[in-house]
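With the model open in your viewer, please follow the selections below in order, keeping the cartoon and the side chains visible together.

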Amino acid sequence: MTTGSEYARHWTLDPDVVFLNHGSFGACPSHLLEYQSELIARMEREPMRFFVMELPGLLEEALAELGRFIGADPAGLTFVNNASSAVSAVLRSIPFQAGDRLLITDHAYPACRNALDFVAERTGLEVVVAQVPFPASSHDQVFDAIMEAWRPGTRLALLDHITSPTGLLFPIRRLVESLQGRGTDVLVDGAHAPGMVDLHLDRLGAAYYTGNCHKWMCTPKGSAFLYVRSDRLDTVRPLTISHGATAPTDANSRFRNEFDWTGTDDPTPWLTVPESIRYFRDLVPGGWPSLRDRNRELLTRAVEAMTTTAGLTGPGPADMLLNLAAFPLPDDPRADDKDAFGFSAIRRKLLHDYRIQIPVWTWPQVPGRVLRLSVQLYNDLSQYRYLAKAVKELLEAEG
Ligand SMILES: Cc1ncc(COP(=O)(O)O)c(C=O)c1O
């Protein structure tokens with residue numbers, strides 16, 4: 001067992017678990033949890049004052065800070081609880097016409113694929129799925145696979161910035177430019193990007209972009225954003241229609257009026273975002289650029305351990321990898337053997353026999369499977385060496 005890096009003490013992670021799954025739900029350091037607790041105390045001390053008199057200004061400041069961090073004009077930026085709700089809000093707002101096409105890839109996050117299918121079935125749209133090879137050989141290969149799947153009449157492409165099951169960085173800038181050049185708006189699912197990628201959303205120019213702060217910016221759960229390009233702002237409505245629909249638009253756009261209030265909820269996860277930006281800037285010498293370099297370097301070493309010690313095939317070239325790496329495993333000999341949580345036999349063994357928390361999921365379909373590791377500040381190389389030995393032993397035992 002291994003306890004992780006010198007940064008691990010800033011998190012409250014269970015020391016009895018080797019936690020290599022930051023990608024699923026993130027993990028919040030104690031400082032940000034305490035900061036949120038103070039905000040909650042402030043909210044509960046005088047709820048009327050907090051929600052009516054203080055919250056609008058706090059949101060304004062938090063969006064301005066976030067906008068600076070991700071290179072986005074805050075006028076087109078709003079907080080949402082998670083990337084799933086942002087994807088659904090955009091998909092359900094666009095006035096598609098029967099026969100329109102939607103483009104997605106076979107690496108998309110399954111929940112977002114469900115949202116796309118729901119809208120497609122309701123309106124009679126055709127969903128075209130680009131098959132992107134995995135392991136990948138280059139950005140060009142990914143770009144070509146997606147562009148070759150494009151057909152006339154494609155109204156929207158839903159593309160991951162970093163893919164969930166396979167952890168690949170897609171060449172999103174070129175894809176946005178080329179697809180939008182052909183008249184197809186792009187909704188970028190950047191659930192993994194904030195904190196992992198140095199974002200410049202205004203320059204990227206995607207019609208729509210969503211990102212989670214609760215993954216790689218390590219904020220409390222329920223903090224994400226939706227960015228909408230200025231010429232699409234009038235189109236997008238939240239999933240919940242509330243006061244904002246009829247609020248005056250002299251001070252704020254309808255977009256901001258509607259998304260800033262979708263009913264009573266806890267806004268404190270959103271309000272921790274500026275503190276996360278400051279906290280990691282000050283925690284790591286060199287700030288966010290060094291943090292990103294450190295994680296990327298550690299990931300390279302982790303991939304080496306998995307390929308040399310465990311004999312696995314890596315996910316792709318180094319310039320397609322940041323904080324996630326997925327490895328195809330040999331076909332699952334016990335593909336039907338899932339527990340009540342949907343965990344496969346090898347995943348259960350990793351957790352119970354080795355105390356390693358890491359996803360191994362079916363992909364692209366039964367009996368195929370991939371193991372996906374995550375790298376965050378609290379991890380260190382000894383953990384991936386330990387993982388590589390464990391995976392080698394378990395694969396050998398499968399025979
Ligand atoms: C690519 C991608 N999109 C969307 C999501 C959904 O994020 P959330 O559960 O915060 O909505 C995830 C979560 O892992 C993801 O990996």
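Begin by selecting helix α5 with its surroundings in this predicted model: the elements that cover the buried residues of α5 include α4 (83-93), β3 (101-105), β4 (126-130), β5 (154-160) and β6 (185-190). Now show the side chains of C112, A115, L116, V119 and A120, which are the buried residues of α5. Looking down the axis of α5, you will find these buried residues within an arc of 130°, so they line one face of the helix. An α-helix has 3.6 residues a turn, so residues three or four places apart point the same way.

Turn next to the face of α5 that points away from its buried side, where P110, N114 and E121 are exposed. With residues 110-123 selected, a distance between the end C-alpha atoms of α5 reads 20 Å, which agrees with the 20 Å that its 14 residues should span at 1.5 Å a residue. Just beyond the helix, select G124, which follows α5 and has a positive phi, near 80°.

For the next stop, select α11 (residues 273-283) together with α12 (residues 287-308), whose axes come within 7 Å and cross at roughly 70°. Because angles of 65 to 115 degrees count as roughly perpendicular, α11 and α12 are therefore described as roughly perpendicular to each other. Which residues of α11 and α12 meet? On the α11 side they are S276, I277, F280 and R281, and on the α12 side G287, W288 and L291. Coloured by class, this contact of α11 with α12 shows four nonpolar, two polar and one charged residues.

How values were computed: Residues are numbered from 1 along each chain as its sequence is written. Side-chain values use heavy atoms; hydrogens and water are left out. Axes are lines fitted to C-alpha atoms, for helices over the stretch in contact, and angles run from 0 to 180 degrees between N-to-C directions. Helices (H or I, at least four residues) and strands (E, at least two) are DSSP runs, numbered from the N terminus. Angles under 35 degrees count as roughly parallel, over 145 as roughly antiparallel, 65 to 115 as roughly perpendicular and the rest as oblique. Contact means heavy atoms within 4.5 Å. Ala, Val, Leu, Ile, Met, Phe, Trp, Tyr, Cys and Pro count as nonpolar, Asp, Glu, Lys and Arg as charged, and the others, Gly among them, as polar. The expected span of a helix is 1.5 Å times one less than its number of residues. Buried means under 20% relative accessible area, exposed over 50%, partly exposed in between (1.4 Å probe, protein chains only). The arc is that of the directions from the helix axis to the C-beta atoms.
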